Amino acid sequence: MLLGALEAGGTKMVLAVGNENGEILDRASIPTETPEITVPRIIEYFKDKNIEALGIGSFGPVDLDKASKAYGHITSTPKLAWVDYDIVGEIKKELQVPVGFDTDVNAAALGEATWGSIKGVPSGIYITVGTGVGVGVYMNGQLLHGMLHPEAGHVLLSRHPEDNFEGVCPYHPNCMEGLASGPSIEKRWNQKAIALADRKEVWELEAYYLAQGIVNYILTLSPHKIVLGGGVMHQEQLFPLIRSQVITLLNGYVKTARLADIDNYIVPASLNDNQGIMGCIQLAKMELQ
Ligand code: ADP
Ligand code: ZN
């Protein structure tokens, strides 16, 4: 069975054709420009590929409420050309196949839940730390939407007393995305994140912020497993720093066997940076069922 996958990101669109086992058979990437330029290119890619369904994991915020008139729209994004754009409707009209739709991070959580680190685990969250910070939540066999969908990359944090950096989020001076995303690292330290690899203080501060967010998610969602992905998490030195800060901040209050085995509780993404696109394949598959 051939299934289409579209990982719609703020800077690029990843397009792929895969099968029901999550194997990726073909893949392409195009820049995200305006819908007028980019959507015809998406249609062009998929139109002769014989896909039975398409799954879209999109940047957002997006409307996921099937009862809403704006279902399938990108809503209040800072990418102005895409505000209120009916991405599901426009693509479905052209391709005439069922289209599954969720946020980009929920898709990645679904990829990890179907084929990766959260497979066989009752619940888990996937946190991406890249251009933005986002959290996908998988609970009771489903992705969590709620009123809109979690926007947990914007949880508010306590600032490090010595950090005077103003943050990069236009909405919140103290949110996790504003203080800990890739662009925030680069603006604070005035260098590409990857070039800061051997600067211990950079990653200690990064872990200080990520651990606060993670502690909030442990306390509110009680996930059985936490997976961290995205470009910034390629700095593997972050994992021990985050784990130890999480233990410090929880201060013994939450006691479970999973948490006691923290090396297997807070883990890196396991699908070679394909968790998002594989999750989109699963979204397509679920739309057919
Ligand atoms: P996106 O979030 O746009 O999908 P990524 O997850 O690749 O893309 O995140 C991009 C961000 O991650 C950039 O800010 C980049 O500097 C940072 N980044 C990418 N690779 C690394 C690395 N090896 N170490 C630290 N930061 C990285
Ligand atoms: Zn914010």
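This passage describes helix packing, burial and a few backbone features in a predicted model.

Some conventions help with reading the numbers. Residues are numbered from 1 along each chain as its sequence is written, chains are lettered from A and ligands numbered from 1 in the order in which they are written. Because the model is predicted, local features need pLDDT of at least 70 and side-chain atom pairs count only at pLDDT 80 or more, while totals for chains, interfaces and linings use all residues; side-chain values use heavy atoms, with hydrogens and water left out. Helices (H or I, at least four residues) and strands (E, at least two) are DSSP runs, numbered from the N terminus.

Helix H6 is a good place to start. The axes of H6 (residues 200-221) and helix H7 (residues 238-250) come within 8 Å and cross at roughly 50 degrees. Axes here are lines fitted to C-alpha atoms, for helices over the stretch in contact, and angles run from 0 to 180 degrees between N-to-C directions. That crossing angle makes H6 oblique to H7; angles under 35 degrees count as roughly parallel, over 145 as roughly antiparallel, 65 to 115 as roughly perpendicular and the rest as oblique. The crossing of H6 with H7 is right-handed, the term for a near helix turned clockwise from the far one by less than a right angle, an anticlockwise turn being left-handed. On the H6 side, the residues that meet H7 are Trp203, Glu204, Glu206, Ala207, Tyr208, Leu210, Ala211, Gln212, Ile214, Val215, Ile218 and Leu219. Their partners in H7 are Leu238, Leu241, Ile242, Gln245, Val246, Leu249 and Leu250, where contact means heavy atoms within 4.5 Å. The residues of this contact of H6 with H7 divide into 15 nonpolar, 2 polar and 2 charged. In this grouping, Ala, Val, Leu, Ile, Met, Phe, Trp, Tyr, Cys and Pro count as nonpolar, Asp, Glu, Lys and Arg as charged, and the others, Gly among them, as polar.

H6 also packs with helix H5 (residues 182-189), at an angle of about 135 degrees and with the axes 12 Å apart. H5 and H6 are therefore oblique to each other, and H5 passes H6 in a right-handed crossing. Ile185, Arg188 and Trp189 of H5 make this contact with Glu201, Val202, Trp203, Leu205, Glu206 and Tyr209 of H6. By class, the contact of H5 with H6 has 6 nonpolar, no polar and 3 charged residues.

A further helix pair is formed by H1 (residues 35-46) and H2 (residues 87-95), whose axes come within 10 Å and cross at roughly 40 degrees. The crossing of H1 and H2 is right-handed. Here Val39, Ile42, Ile43 and Phe46 of H1 meet Ile91, Glu94 and Leu95 of H2. The contact of H1 with H2 comprises 6 nonpolar, no polar and 1 charged residues.

Helix H3 (residues 104-115) has 12 residues and reaches 16 Å from its first C-alpha to its last, close to the 16 Å expected at 1.5 Å a residue; the expected span is 1.5 Å times one less than the number of residues. As 10 of the 12 residues of H3 are buried, this helix is largely enclosed by the rest of the structure. Buried means under 20% relative accessible area, exposed over 50%, and partly exposed in between (1.4 Å probe, protein chains only). Within H3, Asn106 is buried, with a relative accessible area of 1%. Leaving aside neighbours within four places in sequence, Asn106 is in contact with Gly136, Val137, Leu143, Leu144 and His145.

Turning to the strands, Ile24 lies in strand S3 (residues 24-31) and counts as partly exposed at 27% relative accessibility. Ile24 and Ile277 are 253 residues apart in sequence but 8.6 Å apart in space, C-alpha to C-alpha. Not counting residues up to four places away in sequence, Ile24 touches Ala16, Val17, Gly18, Asn274, Ile277, Met278 and Ile281.

Finally, some backbone features stand out. Most residues other than glycine have a negative phi, and most peptide bonds are trans. The peptide bond from Gly60 to Pro61, however, is cis, with omega near 5 degrees; Pro61 lies in the loop between strand S4 (53-58) and strand S5 (73-74). Asn190, in the loop between H5 and H6, has a positive phi near 60 degrees and is exposed, with a relative accessible area of 67%. Ser222, in the loop between H6 and strand S11 (226-229), has a positive phi of about 50 degrees and is exposed, with a relative accessible area of 51%.
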